[in-house]
Amino acid sequence: MKKLLPLITIITLAATQVKAQDDGIAQLLKTAPGDAGKLIGAYANPLFKGLGTGLNNGWTNTAKTKGLLGFELRVSASGVFVPTADKTFDVTRIGLSSSVRPVQGSPSITPTIGGSNDTKPATLGIYSNIAGTEAEVDRFTLPARVTPIIPAPQLQLTVGLIHHTDVTIRAIPKIKAGDDVGSIGMIGFGFKHNIMEDIFGGVGGKLVPFDLAIAAGYTRINYELPVQVRPSSGKVPEPGSVGRTDFSTQRLDGHFNGFNVQAIFSKKLLAFTPFAALGYNTSKTDVGLYGNFPVTNGAATYTVYTDPVRINDKSNGINSFKVDAGFQLDLAFFKFYASGSLGNYKSVTTGIGLGL
């Protein structure tokens with residue numbers, strides 16, 4: 001899966017430059033689909049959780065809602081920090097088949113995509129029964145870490161409606177950035193309602209020292225990347241696979257969803273508005289490899305699997321409470337935002353906006 005995981009990170013539109021782990025990622029498809037899915041899921045787990053966390057950030061930095069048809073165009077980005085517990089995984093504890101295991105002298109603990117440079121990647125062997133004797137028919141080294149911080153974008157337009165309510169739309173039209181990067185698109189929607197205005201009307205700010213609002217938002221990123229996984233050198237297809245050796249349609253499809261609900265407290269002090277929020281956020285990842293993929297199964301042959309890997313289990317998402325705190329700075333038409341989030345995955349978010 002050439003450049004698979006680093007290029008998923010590129011969909012975040014962040015400025016981070018990531019060196020692709022071409023050989024290591026491609027090697028994972030030398031194992032059978034069940035093993036490949038477990039290895040990819042364990043290695044990419046921090047990416048999936050970090051991206052899900054980042055998609056739920058940046059919706060708002062104040063409980064105050066806009067007036068009718070007031071608007072704000074905002075561009076922001078989050079950096080999500082991978083916790084220590086998710087920086088490594090043990091290849092002997094993820095349920096691999098008995099035919100895939102560390103070679104002699106290799107560690108079983110290996111870095112995830114968000115791991116440490118100090119952790120040496122594991123080397124795994126693929127074993128098969130040949131003439132009644134188990135033999136190593138192939139081996140590969142798992143990829144090293146890429147980045148300890150997962151970036152995620154937020155690009156959105158907010159418009160004020162009646163009854164102290166804002167609606168927000170997030171959107172990036174599908175963009176094909178080339179075969180090495182793939183196609184990227186984003187859609188999302190959200191709302192915010194100022195409860196304090198309901199209770200006290202227009203004098204709410206004079207009777208209590210803060211604004212209080214409830215907000216919710218949903219974001220979905222769709223990603224498609226052409227990939228190239230070819231048979232190991234010297235391997236030929238087994239007889240049953242000869243008719244499925246067209247590898248030109250290989251691709252990765254990824255869908256990343258995040259949902260967030262919050263109660264937000266804020267108070268405007270001239271141009272400065274500090275805020276705090278308590279919320280609950282969830283995310284879901286659905287990543288699959290589609291097309292024909294060659295997988296080594298013997299000393300000289302390979303088997304072809306069609307649509308071999310799909311990762312969409314709950315362990316690759318988030319489902320937790322989080323606490324946000326930060327501020328918004330209003331300078332006439334220009335706005336600046338910054339905040340931090342505490343949860344399973346900690347994060348920081350900054351951005352700029354234009355609006356009334």
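Trainee: Hi! How much space lies in the largest cavity?
Mentor: About 130 Å³. A cavity here is a set of points on a 1 Å grid where a 1.4 Å probe fits but cannot get out, and its volume is the space filled by probe spheres set on those points. This is a predicted model, where local features need pLDDT of at least 70 and side-chain atom pairs 80 or more, while totals for chains, interfaces and linings use all residues. Residues are numbered from 1 along each chain, and side-chain values use heavy atoms, without hydrogens or water.

Trainee: Which lining residues are closest to the centre of the largest cavity?
Mentor: G58, W59, T60, D324 and S339, out of 19 that line the largest cavity. A lining residue has an atom within 4 Å of a point.

Trainee: And which strands supply at least two residues of that lining?
Mentor: β12 (251-266), β13 (272-290), β17 (319-331), β18 (334-342) and β19 (347-355). The largest share, four residues, comes from β18. The strands are DSSP E runs of at least two residues, and the helices are H or I runs of at least four.

Trainee: What classes of residue make up the lining of the largest cavity?
Mentor: There are 11 polar, five nonpolar and three charged residues. Gly counts as polar in that scheme.

Trainee: How many cavities of 30 Å³ or more does the structure hold?
Mentor: Two. The second largest has a volume of about 70 Å³, and its lining includes T53, N281, F321, K322 and Y345. β17 and β18 are the elements that give two or more residues to that lining, with β17 giving the most, three residues. By class, the lining of this second cavity has six polar, four nonpolar and one charged residues.

Trainee: Switching topic: which residues touch the most other members in the largest nonpolar core?
Mentor: F48, Y223, V227, L252, F256, L289 and V309, in a core of 22 residues. Such a core joins buried nonpolar residues through side-chain atoms within 4.5 Å, and buried means under 20% relative accessible area with a 1.4 Å probe. Several elements supply at least two residues each, among them β9 (183-194), β10 (211-226) and β16 (309-311). Helix α3 (33-55) gives the most to this core, with six residues.

Trainee: What does F48 touch?
Mentor: Leaving out residues up to four places away in sequence, F48 touches F256, T285, V287, I311 and N316; contact means heavy atoms within 4.5 Å. There is also a second, separate core of 20 residues, which includes L39, Y43, V80 and Y345.

Trainee: T273 sits in β13, so why does T273 count as buried?
Mentor: Because its relative accessibility is 3%. Beyond four places in sequence, T273 touches residues including N61, T62, K268, F327 and D330.

Trainee: And T123, buried or exposed?
Mentor: Buried, at 16% relative accessibility. T123 is found in β5 (residues 123-130). Apart from neighbours within four places, T123 is in contact with R101, P102, V103, S106, R139, F140 and T141.

Trainee: Last one: in what order do the three strands of the open sheet run?
Mentor: β11-β15-β14, with mixed pairing. The edge strands, each pairing on one side only, are β11 (236-237) and β14 (292-296). Pairing takes at least two DSSP bridges. β14 and β15 (residues 301-306) pair in the antiparallel sense over five bridges. If you want a spot to look at there, the bridge partner of P294 is V304 in β15.

Terms used
1 Å grid on protein atoms, 1.4 Å probe; cavity = no way out; pocket = protein on both sides within 12 Å on 5 of 7 lines; lining within 4 Å. Buried < 20%, exposed > 50% of the residue type's maximum accessible area, 1.4 Å probe, protein only.
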